[in-house]
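Here is a short set of questions and answers on one chain. Look at the fold before reading on.

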Amino acid sequence: MKYTLGLTRFHSKKPEYIMQEIWSRMTLYNFCEIIATNVVINEKKGCKHTYQLNYTRAIRICCYFLSIKKKKLHPM
């Protein structure tokens with residue numbers, strides 16, 4: 001989970017900011033876990049193995065979704 005969340009290196013040196021970064025990454029992980037548990041995986045007939053969700057990829061997709069800059073809306 002440390003590598004999945006990107007907690008191998010921190011962006012600050014002060015302990016309180018490091019704790020803030022850990023808590024924000026854990027919040028992000030919980031958000032992604034909720035999204036990932038609601039994904040429906042279609043089973044194909046005749047397959048030997050069952051499909052599983054790649055949680056690392058799911059977290060990366062959620063991070064990308066949250067980082068997308070919204071286009072400037074036209075004033076109403």
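Helices (H or I, at least four residues) and strands (E, at least two) are DSSP runs, numbered from the N terminus. This is a predicted model, in which local features need pLDDT of at least 70, side-chain atom pairs count only at pLDDT 80 or more, and totals for chains, interfaces and linings use all residues. Residues are numbered from 1 along each chain as its sequence is written, and side-chain values use heavy atoms, with hydrogens and water left out.

Q: What pattern does the chain follow, read along the sequence?
A: The chain has 3 helices. It has 0 strands. Read along the sequence, the pattern is α-α-α.

Q: What percentage of the residues of the chain count as buried?
A: Buried means under 20% relative accessible area, exposed over 50%, and partly exposed in between (1.4 Å probe, protein chains only). The chain has 76 residues. The buried share is 14%.

Q: Is Leu28 buried or exposed?
A: Leu28 sits in helix H2. Its C-alpha atom is separated by 8.0 Å from that of Cys63, 35 residues apart along the chain. The relative accessible area of Leu28 is 18%, so this residue is buried.

Q: Which side chains meet in a salt bridge?
A: A salt bridge is a side-chain nitrogen of Lys or Arg within 4 Å of a carboxyl oxygen of Asp or Glu. The whole structure yields 1. Its partners both lie in helix H2, 4 residues apart, about one turn of the helix. At 3.8 Å, N to O, the pair is Arg25 and Glu21.

Q: Why does Glu21 count as buried?
A: Glu21 lies in helix H2, as does Arg25. Glu21 counts as buried because its relative accessibility is 10%.

Q: Which element gives the largest share of the nonpolar patch?
A: Patches are made of residues with over 30% relative accessible area and no salt bridge: like charges are joined within 9 Å, nonpolar side chains (Val, Leu, Ile, Met, Phe, Trp, Tyr) within 5 Å. Phe31, Ile35, Tyr64, Phe65, Leu66 and Ile68 make a nonpolar surface patch of about 610 Å² (Shrake-Rupley method, 1.4 Å probe, only the protein chains shown as cover). Helix H2 (15–37) and helix H3 (55–67) each give two or more residues. The largest share, 3 residues, comes from H3.

Q: Why does Ile68 count as partly exposed?
A: Ile68 lies in the segment after H3. It counts as partly exposed because its relative accessibility is 39%.

Q: Which element gives the largest share of the lining of the largest cavity?
A: A cavity is a set of points, on a 1 Å grid over the protein atoms alone, where a 1.4 Å probe fits but cannot get out; lining residues have an atom within 4 Å of a point. Tyr29, Cys32, Glu33, Ala36, Tyr55, Ala58 and Ile59 line the largest cavity. H2 and H3 each give two or more residues to this lining. The largest share, 4 residues, comes from H2.

Methods. On a 1 Å grid over the protein atoms alone, a cavity is a set of points where a 1.4 Å probe fits but cannot get out, and a pocket is an open set with protein on both sides within 12 Å along at least five of seven lines; lining residues have an atom within 4 Å of a point.
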